[in-house]
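Here are a few exercises to work through with the model open beside you. Have a go at each task before you read its solution.

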Amino acid sequence: MEWISAEWLRSRVWLELLDLLKHGGIMIVPIGICSLITLVLIIERWMMLRSGRILPHRLLHTMREQAELRPRKISNLRPVDTHPVGRILLHGLTVLPSTPAHFRESLRDQARREKHLLEKGLVTLEVISGVAPLFGLLGTALGMISVFQDLAIEGPDRAEALSRGISEALITTVSGLSVGIPALIAYVLFSRKVETLLLRIEEEIMFLHDRLTPG
């Protein structure tokens, strides 16, 4: 019985998708692709930008203890590459011995790389939030052209044909907005999350830098 229900559900969903494609027109295809990309990016960014993954409390606490026990001896620090702070400091250690200015510049270089990794996919979400509604509007415009062409042929019963055609043409507008709005919300929330994480990373780096470098 469960197998029959699952098969029926899959066939029902497939039929609904085919019906949507039939009435929504060709622009449903790029809107559908945008929706799939948006869903994948939201799940991936939500998993990657968790605070515990980017800034693990136990590892940061260990690094702070090392810095407090051995002040001004950065070569004794033992960071790990499992989080951005550790990777930034490991990159800085590769340039030692060096001047404090050179060391700070190496930290900034790696920090910029980490920023790029944290912002991965956000530009795509921003583009989709603007493009998906435009796809919907284009689909509606194409649908309206088809409606008026059919009206010129049908003649009588124009009101019924017009209302039916407009309702079908608006499907793409609704679909585009249904994809664009979540993409925009996700972009804003993730951008804010990245800004918060970058601020915390900077605070940790500055704390360790002040404890472990002279001057």
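**Exercise 1. Find which residues have the most contacts inside the largest nonpolar core, and which helices supply it.**

Solution. Start with the core itself: it has 28 residues, and Leu55, Val85, Leu89, Leu125, Ile201 and Ile205 have the most contacts inside it. (A nonpolar core is a set of buried Ala, Val, Leu, Ile, Met, Phe, Trp, Tyr and Cys residues joined through side-chain atoms within 4.5 Å; buried means under 20% relative accessible area, exposed over 50%, partly exposed in between, with a 1.4 Å probe and protein chains only.) Next, the helices: H2, H4 (57–69), H5 (84–93), H6 (100–118), H7 and H8 (158–212) each supply at least two residues. H8 gives the largest share, 10 residues. (Helices are DSSP runs of H or I, at least four residues, and strands are E runs of at least two, numbered from the N terminus.)

A word on the source: this is a predicted model, where local features need pLDDT of at least 70, side-chain atom pairs count only at pLDDT 80 or more, and totals for chains, interfaces and linings use all residues. Residues are numbered from 1 along each chain as its sequence is written, and side-chain values use heavy atoms, leaving out hydrogens and water.

Now zoom in on leucine 125. Skipping neighbours within four places in sequence, leucine 125 is in contact (heavy atoms within 4.5 Å) with Thr38, Leu41, Ala183, Ala186, Tyr187 and Phe190.

**Exercise 2. Work out how many residues of H5 are buried.**

Solution. Count along the helix: Pro84, Val85, Gly86, Ile88, Leu89, Gly92 and Leu93 are buried. That makes seven of the 10 residues in H5, which is mostly covered.

**Exercise 3. Decide whether threonine 173 is buried or exposed, then find what its side chain reaches.**

Solution. First, locate threonine 173: helix H8. Its relative accessible area is 16%, so threonine 173 counts as buried. Then follow the side chain, which reaches the backbone oxygen of glycine 136 at 3.5 Å. Leaving out residues up to four places away in sequence, threonine 173 touches Gly136, Leu137 and Thr140.

**Exercise 4. Classify isoleucine 33 as buried, partly exposed or exposed.**

Solution. Isoleucine 33 sits in helix H2. Its relative accessibility is 48%, so isoleucine 33 is partly exposed.

**Exercise 5. Sum up the whole protein: how many helices and strands are there, and what percentage of residues is buried?**

Solution. There are eight helices and zero strands. Of the 215 residues, 33% count as buried.

Note on methods: Polar contact = N/O pair within 3.5 Å; in protein donor to acceptor, adjacent residues only side chain to side chain.
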